[in-house]
Amino acid sequence: MQIQEQTAIRPLESAEDFWETRLEAIGFIFHGTLNVAKSKGQPSGASNLLHFARCPKLEKIGESETKIWFRSVRIAHKHLDELLGAKRWKWCKLCERGITQRVLDEC
């Protein structure tokens, strides 16, 4: 993996890191369960959401969920599709309404 790609993805391991990232309001934040094994008990895409960093719904997420910051939507899509699968995550409904055609074209 290239150095640029490594700095474009960052796990948010502490509450302070998470809130600091939200304060900067740059990039995208994923939260959910990274359950690699494919089984009937695996959570659906409804519990694995991608948000803009400034999304107000991020205030309600639990401490136990995995949180990952991405610099760009292209990197987020690629990483989440490889890690979880295309149907195992989705956009937050509030954020999805705010996505412009230009952002969608970057995917």
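Okay, let me start with one residue: Leu94, which sits at 35% relative accessibility and so counts as partly exposed. Keep in mind that this is a predicted model. Leu94 belongs to helix 4, residues 93-98. What does Leu94 touch, once we skip residues up to four places away in sequence? The list is Cys55, Pro56 and Lys57. Take Pro56: 38 residues separate Pro56 from Leu94 along the sequence, yet the C-alpha to C-alpha distance is 8.9 Å.

That kind of long-range meeting shows up in the chain totals too. Among contacts with a separation of 6 or more, 73% are between residues 24 or more positions apart.

Now let me zoom out. The protein chain has 5 helices and 5 strands, and going along the sequence you read α-β-α-β-β-β-α-β-α-α. Of its 107 residues, 38% are buried. The accessible surface is about 7000 Å², with 53% of that belonging to carbon and sulfur atoms.

On to the sheet. The 5 strands make an open sheet in the order 1-4-2-3-5, and the pairing is mixed. Strand 1 (9-11) and strand 5 (90-91) are the edges; each has a single partner strand, so one side of each has no neighbour in the sheet.

Let's walk through the pairings. Strand 2 and strand 4 are antiparallel, with 5 bridges, and one pair to look for is Ile29 with Trp69 in strand 4. Strand 2 also runs antiparallel to strand 3, through 4 bridges. Then strand 3 and strand 5 run parallel, joined by 2 bridges; there, Leu50 stands opposite Trp91.

Strand 3 is worth a pause. In a regular strand, side chains alternate between the two faces of the sheet. Here both faces of strand 3 are covered, with Leu49 and His51 buried on one side and Leu50 and Phe52 buried on the other.

And what lies across the sheet? Helix 3 lies across strand 1, strand 2, strand 3, strand 4 and strand 5, and runs at about 140° to strand 4.

That takes us to the core. Which residues of the largest nonpolar core touch the most other members? Out of 24 residues, the answer is Phe30, Leu50, Phe70 and Trp91. The elements giving two or more residues to this core are strand 2, strand 3 (49-52), strand 4 (66-70) and helix 3 (73-83). Trp91 is a good one to click on: beyond its neighbours within four places in sequence, Trp91 contacts Phe28, Leu49, Leu50, His51, Phe52, Val73, His77, Glu96 and Ile99.

Last stop, a histidine. His31 is in strand 2, residues 28-32. Is His31 buried or exposed? Its relative accessible area is 6%, and the cut-off for buried is under 20%, so His31 is buried. In strand 3, the bridge partner of His31 is Leu49. The side chain of His31 also makes a polar contact of 2.9 Å with the side chain of His51. Beyond neighbours within four places in sequence, the residues in contact with His31 include Ser47, Asn48, Leu58, Ile61, Glu65, Thr66 and Lys67.

So if you open the model after this, try two spots: the polar contact between His31 and His51, and Leu94 with its contacts to Cys55, Pro56 and Lys57. That's it from me.

How values were computed: Residues numbered from 1 in each chain as written. Predicted model: local features only at pLDDT ≥ 70, side-chain atom pairs only at ≥ 80, totals over all residues. Heavy atoms only, no water. Buried < 20%, exposed > 50% of the residue type's maximum accessible area, 1.4 Å probe, protein only. Polar contact = N/O pair within 3.5 Å; in protein donor to acceptor, adjacent residues only side chain to side chain. Contact = heavy atoms within 4.5 Å. Core = buried A, V, L, I, M, F, W, Y, C linked by side-chain atoms within 4.5 Å. Pairing = 2+ DSSP bridges. Axes fitted to C-alpha atoms, helices over the stretch in contact; angles between N-to-C directions. Areas by Shrake-Rupley, 256 points an atom, 1.4 Å probe, with all protein chains shown as cover.
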